[in-house]
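Trainee: I am new to this structure and would like a close look at a single part. Could you take me through the cavity and the helix packing beside it?

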Amino acid sequence: MPRTSRPLSGRPVMITGAASGIGRGLAELLSRRGSPVAIADIDADGLKQTAAGLDGPVLTRVLDVSDAADQLAFAGEVREWLNAPLAAVFNNAGVAVSSSVLDSVPDDDEWLRRINFDGVVNGTRAFLPILVEQGSGAIVNTSSVFGLAGMPYQSAYCAAKFAVRGFTDALRQELRGTGVSAVTVHPGGIRTNIARNGRVRKDPEGRGRTHEQMAAEFEAMTMTTPERAAEIICRGVERGKARILVGPDAYLFDTLTRVTPTHYYDVLSIVMGLARGRAAKGAGQ
């Protein structure tokens with residue numbers, strides 16, 4: 001099917017997870033481009049900081065994306081606030097858990113699932129009627145490279161991100177002929193606070209690292225800033241892409257899972273080991 005362009009600049013958008021990271025990057029970029037932005041996050045202080053840095057009209061809402069009723073209420077507020085068709089809904093909020101399956105804590109996995117998957121589903125269900133009624137717009141759901149490949153100590157995260165991918169792919173087919181599109185976003189390593197704010201009970205690799213050390217190690221290996229991620233995502237949405245890969249590592253994950261769908265981790269483990277070595281060497285200089 002030919003791609004349909006979806007202009008974003010100057011058009012209203014909604015973004016969850018906007019208190020930091022990619023969500024803040026999207027809000028700042030689109031606001032600079034003249035878009036009114038409705039932003040939401042459970043982090044009230046971070047949300048205020050994001051709003052303070054925006055250039056144009058903004059609607060803020062402290063929101064628990066795992067609460068379907070709260071999402072519906074927010075969608076109603078956005079509907080009343082709109083003065084033009086809603087161009088895109090960015091279901092972007094997410095959290096992390098690091099644990100082996102053997103040592104996993106069910107409450108931690110449930111917390112992650114309710115935000116990373118249920119939050120996407122709730123946001124889609126709340127805002128989709130607005131887009132369908134107007135006959136245009138995009139649902140943009142954030143998955144991950146861990147929605148392309150299963151990774152050790154990330155079972156809950158991978159499960160949720162694979163689910164986002166499957167949910168959005170199915171939705172895309174349902175929306176044929178409506179004028180509304182569904183997009184999956186697969187970021188690689190982005191310099192955000194997700195690892196620092198995640199839940200870790202102990203070092204799942206048994207190396208004795210603290211949560212702080214694990215977060216620092218992750219951040220040292222990231223390849224893309226939130227601002228650059230926002231640019232890639234917006235460009236992909238505007239060009240009509242159904243799936244957007246963010247960062248060079250995302251392209252590596254995508255290629256390996258296609259070429260060697262059951263042995264990709266053999267290669268990835270070598271690449272990540274080299275990256276850890278470079279990061280450790282850089283930290284010691």
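Mentor: Happy to; here is the cavity, followed by the pair of helices.

This is a predicted model, where local features need pLDDT of at least 70, side-chain atom pairs count only at pLDDT 80 or more, and totals for chains, interfaces and linings use all residues. Residues are numbered from 1 along each chain as its sequence is written, and side-chain values use heavy atoms, leaving out hydrogens and water.

A cavity is a set of points, on a 1 Å grid over the protein atoms alone, where a 1.4 Å probe fits but cannot get out. The count comes to one cavity of 30 Å³ or more, and the largest holds about 30 Å³ of space, the volume filled by probe spheres set on points joined across faces, edges and corners.

Its lining (residues with an atom within 4 Å of a point) consists of Val97, Ser99, Ser104, Asp109, Tyr153, Gln154, Ser155, Ala156 and Tyr157. Four are nonpolar, four polar and one charged, where Ala, Val, Leu, Ile, Met, Phe, Trp, Tyr, Cys and Pro count as nonpolar, Asp, Glu, Lys and Arg as charged, and the others, Gly among them, as polar. Helix α6 (residues 155–174) gives the largest share, three residues; helices are DSSP runs (H or I, at least four residues), numbered from the N terminus.

Now the helices. Helix α4 (residues 106–116) packs with α6 at an angle of about 20°, their axes 9 Å apart; axes are lines fitted to C-alpha atoms over the stretch in contact, and angles run from 0 to 180 degrees between N-to-C directions. That makes α4 roughly parallel to α6, since angles under 35 degrees count as such. In contact (heavy atoms within 4.5 Å) are Asp109, Leu112 and Asn116 of α4 with Ala156, Tyr157, Ala160, Lys161 and Val164 of α6.

Key:
On a 1 Å grid over the protein atoms alone, a cavity is a set of points where a 1.4 Å probe fits but cannot get out, and a pocket is an open set with protein on both sides within 12 Å along at least five of seven lines; lining residues have an atom within 4 Å of a point. Helices (H or I, at least four residues) and strands (E, at least two) are DSSP runs, numbered from the N terminus. Angles under 35 degrees count as roughly parallel, over 145 as roughly antiparallel, 65 to 115 as roughly perpendicular and the rest as oblique.
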